[in-house]
Structures are given as structure tokens and as C-alpha cells.
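The following account leads the reader through one protein chain, from its overall form to individual contacts and surface features. Please keep the structure in view while reading.

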Amino acid sequence: MQYDAVLYSRILTEMTLAFHILFATIGVGVPVFIALAQWMGLKHNDPHYLLLARRWTRGFTITVAVGVVTGTAIGLQLSLLWPSFMEQAGQLIALPLFMETFAFFFEAIFLGIYLYTWDRFKNPKTHLLLLIPVVIGSSLSAFFITAVNAFMNTPQGFEIVNGTIMNIEPLKAMFNPAVPTKVGHVLVSAYMTSAFILAALAAYHLLRGRQHVYYKKALRITLIPALVFSIATALVGDLSGKFLAEYQPEKLAAAEWHFDTEGEAPLLLFGKLDEEQNVSGAIKIPFALSILAGNLPSTEVIGLNEFPADERPPLYVHYLFDVMVTLGMLLIVIALIYAVLSKWKPKKMYNKWLLRAVVLSAPMSLIAIEIGWIFAEVGRQPWILRGYLKTAEAATASPHVGTMLVAFGALYVLLGVGAVIVLRNMFKNNRAEDELAARGDSHVA
């Protein structure tokens, strides 16, 4: 295979983002549930919720540590792999990149204080207040780094004068049109995914016969919010569709194999595309694409044929979009079934089929996150900075990217395996039931 620096740069960047996004998602979402568990524990004087907060925090610190390494790798690779992009856009994304670092340190400082001060305050509510900066810092970190990605999709805040970027407005660049939908989607999907991961852990123990009330409370405090956040993710996804129709119509058209501009456009799920742009075997939902684009069945949706062939995204993004939407709907159904049973059929809340589905919801939500990011990035191709700079023009010509690919790949394997081993050993021989008993509470439902 002939050496291709652009291809290797893309593979390395995609690998880094794919690995980092797992830990970043947990880093944004889990603090919310730690705060919720501790608040519930203090409000009801409930040792189960307080222990949930303690144990979730221990695991959270490991994911933060790995996320720091992979996040640093992303910053390094931006300069090493995409020098032309950084040369042209570096001035415009410097502000959100700096603010993201500031937000992370803000979060890390208060997380350290929070970890050190368990049981050290006369009023335990004071300790809870330390979580507020952690939650704010993690969410702000996600906001600023997503603003960088949003800028790559809808660049603004500058002028091109004789081929040079001039008249830079950093705030205008940071608060570009893609920010509301992208940031909203990142945040609510992170909260949703973290909820399903924590719920899956509780469901796993219940399936193994550990019917302690601790796990049942863990399931309830995560699955009810999971339903709320999964619905919110779907709603923000609808707004994202409308954003694409206005600002990136070629991406929406590629996602739906929509080639000719027309109103009353149907939404296609799955199917097969031939060389003549004919679709077969797809599930067709009448008018749905027009409604997604503009709320009305008559909304005209721009077709992919309106764009030059060399500016069209790869058509396999259609399947990415379909899988992402399908997984999102399944997650809503799982959480909704639990919510309905908890309200009207509480004796069936813990049946094995539902618990198995909850366990599966963790990998499903993580896969949906991964596919969503791949869709977001591949759907922007061939641009790294839409309308201004193509990916192939921005990449390094270095002959050593292949070596970097192997080195970083080995690093991620080491980090991933190490994180799993540490987390497993952290909780395997330190069961929640035993910790509750040591604290003087071992009630079983």
C-alpha cells in the first residue's frame, strides 16, 4: 500500500477522537448523577444514595485521568497533523481552546477538593456545593471544545483578503450558527449516555441475584433521568436537522440519499443505493424529511445534485444516520418501559428481560455516541473548514504519520486495558453491600 499522509492523518485523528469521546462523554455526564445521588441522600438521609455518590466518584476519577491524556493528544495532533488548518484557523479557535483548558482546571481543582473533604464538614450540604463547580466546569469544557468543532462547520468572524485571514472577531467565530444545536446535542447525549451506563451497572448486579435495595435505587435514580435526556436528545436532533437544512444542506441530503430538490420529501431508513441513484428496500416515511427540514410537509429540501461532485459527503453517512436514530429510539423505549412499570406495575420493574435490555443500553448508547460523531465529521467532508479549506489541503506531508499511528494506537490500548483493570479491581472486592454493612446499614429489599 502506497504511503498516504492524508489518509494516515485522518485515521489517527479519527482513532483519537473515537477513544477520547467515550471518556469525555462520561466526564461530562457522570458529575450530574453524582450530584443528584448526593442531593437525594442528604434530602432523605439515605445512606444508599450517599454511597452511590461515593462509589461513582471513585470510578469517575479514573475516567477523568484517561480523558486528560487523550484530550492532550487531540491538541497535539491538531498541530502535528493539520498544520495548514492551524495556520489559517488557529487564531480563530484559540479563544475556545484556551477557555476549554481553563474550564477543565476549574473542574479538576474542585474535584480534588471534593474528593479530599468527604465527611470533613459539619454541614454535609457544604460538601455537596463543591460539586456545582465540577458539573459547571465539565459542561463548560464540553461547550468550548464543541464550539471549535461548530466553527469548522459554520466558519465566521473573519474576512479573506488576498488569500489571508483578516479582521478576526474571536467571539463571533466562537458563537457561530452551529453552536446551539451542536452544544445542546453534545450535552444532553452525554447526560443520557452516562445515565444508561450507570443504570446498566445496577441492572447487571440485579441480574446476578444481588437484590439489595442499593441497586434498585441506583436503577431508579438513573433510568428516570435517562428517559428525560433521551427524549431531549431526540428533540435536539430534530433541531439539528433543521440546522443542516439551512446551513449544511449537502450533509442532510447525503444522509437521506436525497438527490433532487423537492418538497414533500420522504425520509428514508436503510435501503440500498445503486449507481443510478435509485433506492431499493428502504423504509419510506412520507413527508418526514420535509417536516424535519422545516416543520411543514411542503418544505423544499435541497437535493445533493445541486452540489459539485467533489463537494459531496460520502453517501455511506446514510447508514450512520439511520443506526444513530434507531439506537436513540430503542433507548427511549427501554427507559419508557421502566418508567411505565415503576408507575403502574412495580412488581415487574425488575424482570430479567428488562434488566437485560438495560444492560445492553450501555453499549448501545456508547455506539450511538461514536456513530453520531463519525456522522458529524464524515458528513462535513471533503471540508475541514467548510467552504474554505479542504481536508486534503490541510494535512501534513510528513513521512512519519504511520509511526505516530502505531505509537498512539499502542497508547490507547494501554490506557483502555489499564482503565478497565483498575476499575474492575476497584469494585470487584469492595461490594456495595459490604461497604454499607461496614457503615451500619445493610437493609435488603
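A convenient place to enter this predicted model is Asp119, which at 63% relative accessibility counts as exposed. Asp119 is the acidic partner of Arg54 in a salt bridge whose closest N and O atoms are 2.4 Å apart. Arg54 lies in helix H2 (residues 47–81), whereas Asp119 belongs to the loop between helix H3 (83–116) and helix H4 (124–129), so the contact ties together parts that are 65 residues apart in sequence. The two partners stand on opposite sides of the accessibility cut-offs: Arg54, with a relative accessible area of 12%, is buried because it falls under 20%, while Asp119, at 63%, is exposed because it is over 50%.

This contact sits within a chain that has 15 helices and eight strands. The radius of gyration of the chain is 23 Å, close to the 22 Å given by the globule rule for 445 residues, so the chain is as compact as a globular protein of that length. Along the principal axes, the C-alpha trace spans about 70 × 45 × 45 Å. Of the 445 residues, 51% are buried.

The count of salt bridges in the model comes to six. Besides the pair already described, one of them joins Asp238 and Lys242, with the closest N and O atoms 3.0 Å apart. Here the contact is made inside a single element: Asp238 and Lys242 are four residues apart in helix H8 (residues 213–247), and are therefore separated by about one helical turn. Asp238 counts as partly exposed, at 29% relative accessibility, and Lys242 counts as buried, at 17%.

A further salt bridge is formed by the side chains of Glu250 and Arg386, at an N to O distance of 2.9 Å. This pair links distant parts of the chain, with Glu250 in helix H9 and Arg386 in the loop between strand S7 (383–385) and strand S8 (389–390), 136 residues apart. Glu250 has a relative accessible area of 4% and is buried. Arg386, by contrast, is partly exposed, with a value of 23%.

The backbone also deserves attention in this part of the sequence. A cis peptide bond, with omega of about 10°, joins Gln381 and Pro382. Pro382 is found in the loop between helix H12 (352–378) and S7; S7 is also one of the two strands that flank the loop holding Arg386.

Which backbone feature marks Trp257, given that it is not a glycine? Its phi is positive, at about 50°. Trp257 is found in the loop between H9 and S3, and with a relative accessible area of 6% it is buried. Glu264 is likewise a residue other than glycine with a positive phi, near 55°. Glu264 is placed in the loop between helix H9 (249–255) and strand S3 (267–269). Its exposure contrasts with that of Trp257: Glu264 has a relative accessible area of 51%, and is exposed because the value is over 50%, whereas the 6% of Trp257 makes that residue buried because it is under 20%.

Glu264 leads from the backbone to the surface. Together with Asp260, Glu262, Glu300 and Glu306, Glu264 forms a negative surface patch. The residue thus combines a positive phi with membership of this patch.

The surface also carries a nonpolar patch. Leu129, Ile132, Ile136 and Leu140 form this patch, and together they have about 350 Å² of accessible area. Which helix gives the most to the nonpolar patch? The contribution comes from helix H5 (residues 131–153), with three residues. Ile132 is found in helix H5 and is partly exposed, with a relative accessible area of 46%. That value lies between the 20% and 50% limits, and Ile132 is therefore classed neither as buried nor as exposed.

Taken together, these features can be followed along the chain in the displayed model. The Arg54 and Asp119 salt bridge joins H2 to the loop between H3 and H4, and the Glu250 and Arg386 pair joins H9 to the loop between S7 and S8. The loop between H9 and S3 holds both Trp257 and Glu264.

Technical notes. Residues numbered from 1 in each chain as written. Predicted model: local features only at pLDDT ≥ 70, side-chain atom pairs only at ≥ 80, totals over all residues. Heavy atoms only, no water. Patch = residues over 30% accessible without salt bridge, like charges linked within 9 Å, V, L, I, M, F, W, Y side chains within 5 Å. Areas by Shrake-Rupley, 256 points an atom, 1.4 Å probe, with all protein chains shown as cover. Salt bridge = Lys/Arg side-chain N within 4 Å of Asp/Glu carboxyl O. Buried < 20%, exposed > 50% of the residue type's maximum accessible area, 1.4 Å probe, protein only. Lys, Arg positive; Asp, Glu negative; His and termini not counted. Charge placed at Lys NZ, Arg CZ, Asp CG, Glu CD. Rg over C-alpha atoms; globule rule 2.2 N^0.38 Å.
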